[in-house]
Amino acid sequence: MIKNYFKIAWRSLKKQPFFTFINIFGLSVGMAGALLISLYIFDELSFNRSFKDAERIHRANVDIKFGGQAQEFGVLVAPFAETVKRDFKVVEDATRFRTSGSVLVRRTQTNENQKEVNSTYADPNFLDFFGLNLLEGNSKTALKEPNTVVISESTAKKYFGKSSPIGQSILIDNNETFRITGVIADLPKNSFLNEYSVFFSMEGYAESKEANWGSNNFSTFLKLIPHANATDLQKPLQILFEKYMIPFAQSFMPGVTRQSFESSGNYIRYSTIPLLDLHLAGNRVAEMNPNGNKQTVYILSFIALFLLVLAVVNFMNLSTAQSLNRAKEVGIRKTLGSNKSALVRQFLTESSLLTFISLFFALLLAFLLIPLFNQLSGKTISLPILNPIFWIILLGATLLLGFVSGSYPSFFLSRFVPVEVLKGNSKSKVGGGKIRNTLVIFQFAISVFLIISTLVVFQQLKFIQNKDLGYKKDQILIIDDVYTAGNKLESFKREVSELPNVTSTSLSSYLPTPSNRSDNSFEFLGSEPKKTIQMQNWRVDHDYTETLDMKIIAGRDFDKSFATDSTAIVLNETAVGILGLKPEDVIGKKITTVVDNSVKPVYTVIGVVQNFHYSSFKDEIGALCLRIRIGSNSNRLIVRLNSGDFKQSLSQIEKKWSEVAPGQPFNHYFMDDSFNNTFEVEQKLGKIFMTFTVLSLLIACLGLFGLAAFNAQMRTKEIGIRKVMGASVRQITYRLTKDFLKLVGIAIIIALPVGWFVMNKWLEDFSFRIDIPLWIYALSTFSAILISILTVSYQSIKAALVNPVKSLKSE
């Protein structure tokens, strides 16, 4: 019987190749798109699962509001880890990282450095804590001593080839020697440590030993005892503030109590986040790795579902539309004794067969498109064809899809009354018009919604790219790691400044684009009541604001002719606003750092710089101050170039660099590229939206095209009579097209408010955002109508041009 079902199903599919092609093509595209998105989502959700006891590990966080600034940190004070391990029995173990950014590395026997982009200090127990096995070395002793280091397998091969690096020494930043005591396998791409290749021993890092409860620099991870509930830890953690933080603060804020601290609107709140949620729900200050976005995962999940629903809707629509062609078949089979359940099984077999054929083409499409998808999404995913679980899920999902897509048509067709269909009276009683129309509306509503979403995302990206940032990012060259020039740094800056295509230069480790950050507390002297402010504290040189084309709106800029500028400070507008003063009124005010020092430095405010963006557009511009750098410890040389031959300018600068720092790499990039990387997630989301919007429109149009063809076929006699009665091609085309346009119109009416609501919710994440312009809704409406007209009109015009004699003769 089953063999017979498949034989009849195959014959039925071959009998109508046009509709079979539309169904297979639509399902293949929908399934391939959903498969690729599902692999992306699985990769996002699988982050950090490779670590031992991952479900018991949590990262500690702290939320701080002080000095008018509220921030959420993913780093804590040095003593936090040992304190919670000692004070809370529920905490089994704790470990810390102190990221050290990029470092220059070379073997002690060579003179040429190479750059490692991400390095970190780590507690000696971190290897066992996360269950990481060393390929070489002993995990229990590898980082027990100061100036020891564990490196990744790929890093070991880069510097030592096939030789064992154990016991060998490397020089870091031309300054400090470390002995290699372990080699770790390259960490999985879907882990928060995946970008780190060098792990220094925390034992040699002085700050890690300090009982300093005021400086948050350490990523701290806690492992709870089995079956412990992290929720029960949240409230007890708050005790640490009064027990340890307040006594520490009293050393530089005499008389402060928890009550007085919180009565001023300040707070310090500790919390934890599960390691398994870190990638999608972290997103705090000083994350160790760029995080994903939970909202993006939700959006992509809906898009994958939409693609499948669109393809299923096509199948249902075309199946019910062809009901008249199958009506007599159903009538005869029922007359010969076939019952309803047998007919349902037959039609479900057809839908399942078609779905499995579509699966084959979907897998082929996914295999061909996965390199492009990886480029689009920034992933390195692949089809897990050797994983049996993948095939079980895929085949199960395909079977379910076949059942869902065939369920309505099968029950719909199997209910025909044999007497009616065999008499030929079924034409007006079959076809499922209302359901079919509803499904068409649903299809185009999804498509219009995706068009709106795509346009909004790209408009927000355009807004970010074109917004006045408070500085000029174009034609700015950044030369990294210039501190390796040592005492020749100033002469290097001077020589570069004298090059013909260079406008100005500046030395600083701090940039508005991703770079160093330093957050400090300051107190304004002579103010009653006492005013404190938390702000970014950047060290720059005298040419910084000029090179980046920043605007001083009150007071003056740093000036070499003023010897007192070594204790001068420039505030931004946000800092002045927090103090409740006007820019001109803050000039001459005295300010000092809130630190545990017997002698506190006092600075004089000499100017106010216009606010400039130095973090994500999702954040408000925070308080910031500029101070003159002292010494030659700047990481970067900022070079403003004239428009012209950048390649020649780069060559000239590189030549100067090789003269002052032989053997040191010439690491450089342009600031506008760095700026664009700050909203890479939104750029990827925009491209993904655009790609799958096109796919959804393609699937919807295929279905509409098939329905238009069937509609023209069913109205052949009507068209012939109208032509005999004098109707023009235009009139007939209009009659055949208008019913579909009504459905598209209803879809637009549904999609517009949904698109407005959802995309406004998405924009709420941005502190600086667009107001969705009306033309986006107009363009979405126009696009949907135009696409539907082009899709339907071909079949309509083709039907209208048929000779009426031929049409009526066939009837």
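Reader: What makes the approach of the Ser208 side chain to the backbone oxygen of Met202 a polar contact?

Author: In this predicted model, the side chain of Ser208 comes to 3.2 Å from that backbone oxygen of Met202. The cut-off for such a pair is 3.5 Å, so it counts as a polar contact.

Reader: And why is Ser208 called buried?

Author: Its relative accessibility is 6%, and buried means under 20%, so Ser208 qualifies. Ser208 sits in the loop between strands E9 and E10. Among its contacts beyond four places in sequence are Arg96 and Phe218. Arg96, in turn, lies over the face of Phe218, 5.3 Å from the ring centre.

Reader: Okay, rings! Why is the pair Phe126 and Phe199 called stacked?

Author: Check the planes: they're at 25°, with the ring centres 5.1 Å apart. Stacked needs an angle under 30 degrees and centres within 6.5 Å, so the label fits. Phe126 is in helix H4 and Phe199 in strand E9, so the pair ties together parts 73 residues apart in sequence.

Reader: Then what makes Phe617 and Phe768 edge-to-face?

Author: Here the planes are at 75° and the centres 6.0 Å apart. Over 60 degrees counts as edge-to-face, so that's the name.

Reader: How do you know that the buried residues of H20 line one face of the helix?

Author: Those buried residues are Ser649, Leu650, Ile653, Trp657 and Val660. Looking down the axis of H20, they fall within an arc of 100°, so they line one face. Lys647 and Lys655 are exposed on the other side of H20.

Conventions: Residues are numbered from 1 along each chain as its sequence is written. This is a predicted model: local features need pLDDT of at least 70, side-chain atom pairs count only at pLDDT 80 or more; totals for chains, interfaces and linings use all residues. Side-chain values use heavy atoms; hydrogens and water are left out. Buried means under 20% relative accessible area, exposed over 50%, partly exposed in between (1.4 Å probe, protein chains only). Helices (H or I, at least four residues) and strands (E, at least two) are DSSP runs, numbered from the N terminus. The arc is that of the directions from the helix axis to the C-beta atoms. A polar contact is a pair of N or O atoms within 3.5 Å; within protein, one must be able to donate a hydrogen and the other to accept it, and residues adjacent in sequence count only if both atoms are side-chain atoms. Contact means heavy atoms within 4.5 Å. A charge sits over a ring if NZ of Lys or CZ of Arg is within 6 Å of the ring centre and within 35 degrees of the ring normal.
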